[in-house]
Amino acid sequence: MSYSEGSVSFRPAGEDDWVTTVPNRPVVAGDDLWADANSRAEVNVGSAALRLGEKTGITFLALDDRTTQIRLAQGSLIVRVRHVDDDDTYEIDTPNIAFTLLQPGEYRVDVSEDGSQTITTVWHGHGRVTGGGFTYTVVAGQSATFTGSDHLDYDLEQLPGQDQFDDWAFDRDAREDRADSANYVSTEMTGYEDLDDYGNWSYVAGYGQCWQPRAVVMGWAPYRFGHWVWVAPFGWTWVEDEPWGFAPFHYGRWAFVGGGWFWVPGPVVVRPLWAPALVAFVGGGPGFSFSAGVGVGWFPLAPGEVFVPGYHVSRAYVNNVNITNTSVNITKVTNVYNTVIINKTTTVNNITYVNQHVNNGVTVVSHDTFVNARPVAQNVMKVDPREIAAAPVSHGVTAEPVRASVVGAGRPVSVRPPAAVMSRPVVAVRTPLPPPRPITQQQAAAGGHLNQQLLVRPAGPSRPAPAGQGTQPQKSEEGFKPFSQPAGGNTQVKPIPQTQPRVWEQQGSSQVQGQSDDHNGQVWNRNAQTGAKEYGTPQQQSTPQETHPLVRPAPPVQPRNEQQEQQQAEKFHQWQQQRPASPPPAEHQSQPKPAPPPKSEPPRKSH
């Protein structure tokens, strides 16, 4: 959640509580957003940006490192997609159509207040509309209107004039395009575009190019000015207060150098893997308490230190989440992996953690502050440094979540979005998983030990993932050894294969494709998104027959008859004839940028 203006509310997956949005809170499948009158919101998912206009309601139906599927019940949504691989899916589902974005570009989708009409606008890119038993192609420069439900009336027009919502979205795009931080990290690292305004990049001996925040308060330390929330399926997740506080707390590592904290982003890879919090915990095990009381402490992991997730993972995930976020030695990962996962020992005492011994580097709060999403900086426990040094260090915390852990720090809203809008079903090509159950039901089903069920263990035998299109080999760096399968496997970081089940494949097919044995459950990487795709959460697994109550499959696609084909051709020809003439080629200019286009035309962008 990167930006909100006006009255924007949020409902966590599985819950019925609408609260105010909290910046930097990760968004996962099942979450709802509502932008009220005179309001706007923005969500970043990797390099993609989703922007909500006023009176707009969306649900994240699926959100992982390959799939972004949005339910748009009403209102206006502008999507800017920078990168699309062959196995990436961007789908926007409305009450009468499913709109699949096939190329990088800028798209807008408008759904009428009663849900009977959808308008798709493509400034740049290429999309496919599915609905009413047919598919339609919408290309750059087109605005297509679809009215009806079982039978769609289809009109093709030129691009409309830009309104204030368009101008705002294009201004946000330009801000991202100018981000200097793209020189140092992947643009798929969610939140990188916020770094320029709040810090500086510099070279730090031993770590390379690092980022340091400006104007932090006295006593500032990483993972102190924010709060903890419970975000399924990852468990305990950190939410930082500062407007720049997403990328530096879910990617890379922190180093204390010369009396100040520097964020070390790690190697530049095509798809860096998100993590809920790159920390180690102090004294968070059962039965342990400080002299000041029962508390939970933590400190940021330093470069080269191994992160072991506190949720079900495979060995391949442990490898990838570390090599995409830090220069790490393979022996370290193997030793920690064997200790924590193979030997099932959550406490690690034979490793020296650098930041555990930095003055003021460890943060400790009470158990109640931790589980109730209270602000950490205002509730820090004073613990003698000798106690902290002697406390056991673990890669997870045993605290069980409560309802407040899921709802988070947002305040209850006085006005909820219209119930008719948030319960309105949409048409989809791709099958999303059913929404999760409320946290109280999950805890009851787990016998009060939901967090214990997520403690790390193998999720099944790992296997090599196929290399994706456009992935470049990584540079060899000192201390950085990419993992590979034995017998000469590929040493580059590989994208994880798609695992979401597709029940309605081919628009209405009844054939069901099951999930593989070691890739189960809800997945997400980038903010999002979007972890990786190699873990499972038993409480979210469901039978293939169970479907999302607000999603219905698009009717099976039928071949058009001769008359219908002729009508399609005529509409396209008419649109083409009405297109404004292309301007003559401009003479070579020495200026670095062309003059901005007139307001009636969409701005030109490079991808």
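**Notebook: cavity, cores and local geometry**

I began with enclosed space, and the largest cavity holds about 170 Å³. I then looked up its lining, which is made of 17 residues, and those closest to the cavity centre are W236, F281, G310, H395 and G396. Two strands, β20 (235-240) and β23 (279-282), each supply at least two residues of that lining. I keep in mind throughout that this is a predicted model.

**Cores**

Next I went to the nonpolar cores. The largest of them has 76 residues, and Y223, W228, W263, W298 and F370 are the ones with the most contacts inside it. A second core, separate from that one, has 42 residues, V8, L50, I92 and Y154 among them. I note as background that in soluble globular proteins nonpolar side chains tend to be buried together.

I picked W228 for a list of contacts, leaving out residues up to four places away in sequence, and found that W228 touches W236, T237, W238, A277, V279, F281, W298, F370, A373 and V376. Two residues on that list, W236 and F281, I had already met among the residues closest to the centre of the largest cavity.

**Aromatic pairs and charges over rings**

I looked up the aromatic pairs and found 31 in the structure. The one I followed up is Y3 with W168, a tilted pair at 5.8 Å centre to centre, with 40 degrees between the planes. Y3 belongs to strand β1 (residues 3-5) and W168 to helix α1 (residues 164-177), so this pair ties together parts that lie 165 residues apart in sequence. On accessibility, Y3 counts as partly exposed at 26%, whereas W168 is buried, with a relative accessible area of 10%.

What else sits at the ring of Y3? The charged end of R172 is placed over the ring, 4.6 Å from its centre. I recorded another such arrangement at Y136, where R560 lies over the face of the ring, at 4.8 Å from the ring centre.

**Helix α3**

How many of the nine residues of helix α3 (residues 315-323) are buried? I find eight, so the helix is largely enclosed by the rest of the structure. The buried residues of α3 are A316, Y317, V318, N319, N320, V321, N322 and I323, a list that includes the asparagines N319, N320 and N322.

**Three sites looked up one by one**

T100 came up in strand β10 (residues 98-101), where this threonine is buried, with a relative accessible area of 9%. Apart from neighbours within four places in sequence, T100 is in contact with Y90, E91, H126, G127 and R128.

S112 lies in the loop between β11 (105-111) and β12 (117-124) and counts as partly exposed at 22% relative accessibility. I checked the C-alpha atoms of S112 and Q74, which are 6.1 Å apart in space although the two residues are 38 residues apart in sequence. With neighbours within four places left aside, the contacts of S112 are Q74, Q117 and R424.

A179 I found in the loop between α1 and β17 (199-204), and at 9% relative accessibility this alanine counts as buried. Its contacts, not counting residues up to four places away in sequence, are Y192, E193 and D196. For the first of these, Y192, I noted a separation from A179 of 13 residues in sequence and 8.2 Å in space, C-alpha to C-alpha.

**Backbone geometry**

Last, I went through the backbone with a general expectation in mind, namely that most residues other than glycine have a negative phi and most peptide bonds are trans.

The peptide bond from A232 to P233 is cis, with omega near 5 degrees, and P233 lies in the loop between β19 (226-231) and β20.

Two asparagines have a positive phi, near 75 degrees for N24 and near 70 degrees for N360. N24 has its place in the loop between β3 (19-20) and β4 (32-35), while N360 lies in the loop between α4 (330-342) and β25 (363-366). Are these two buried or partly exposed? N24 counts as buried, at 4% relative accessibility, whereas N360 is partly exposed, with a relative accessible area of 38%.

Notes
Residues numbered from 1 in each chain as written. Predicted model: local features only at pLDDT ≥ 70, side-chain atom pairs only at ≥ 80, totals over all residues. Heavy atoms only, no water. Core = buried A, V, L, I, M, F, W, Y, C linked by side-chain atoms within 4.5 Å. Buried < 20%, exposed > 50% of the residue type's maximum accessible area, 1.4 Å probe, protein only. Contact = heavy atoms within 4.5 Å. Phe/Tyr/Trp six-rings, centres within 6.5 Å; stacked < 30°, edge-to-face > 60°. Helix = DSSP H or I, 4+ residues; strand = E, 2+ residues; numbered from the N terminus. Lys NZ or Arg CZ within 6 Å of the ring centre and 35° of its normal. 1 Å grid on protein atoms, 1.4 Å probe; cavity = no way out; pocket = protein on both sides within 12 Å on 5 of 7 lines; lining within 4 Å. Points joined across faces, edges and corners; volume = space filled by probe spheres on them.
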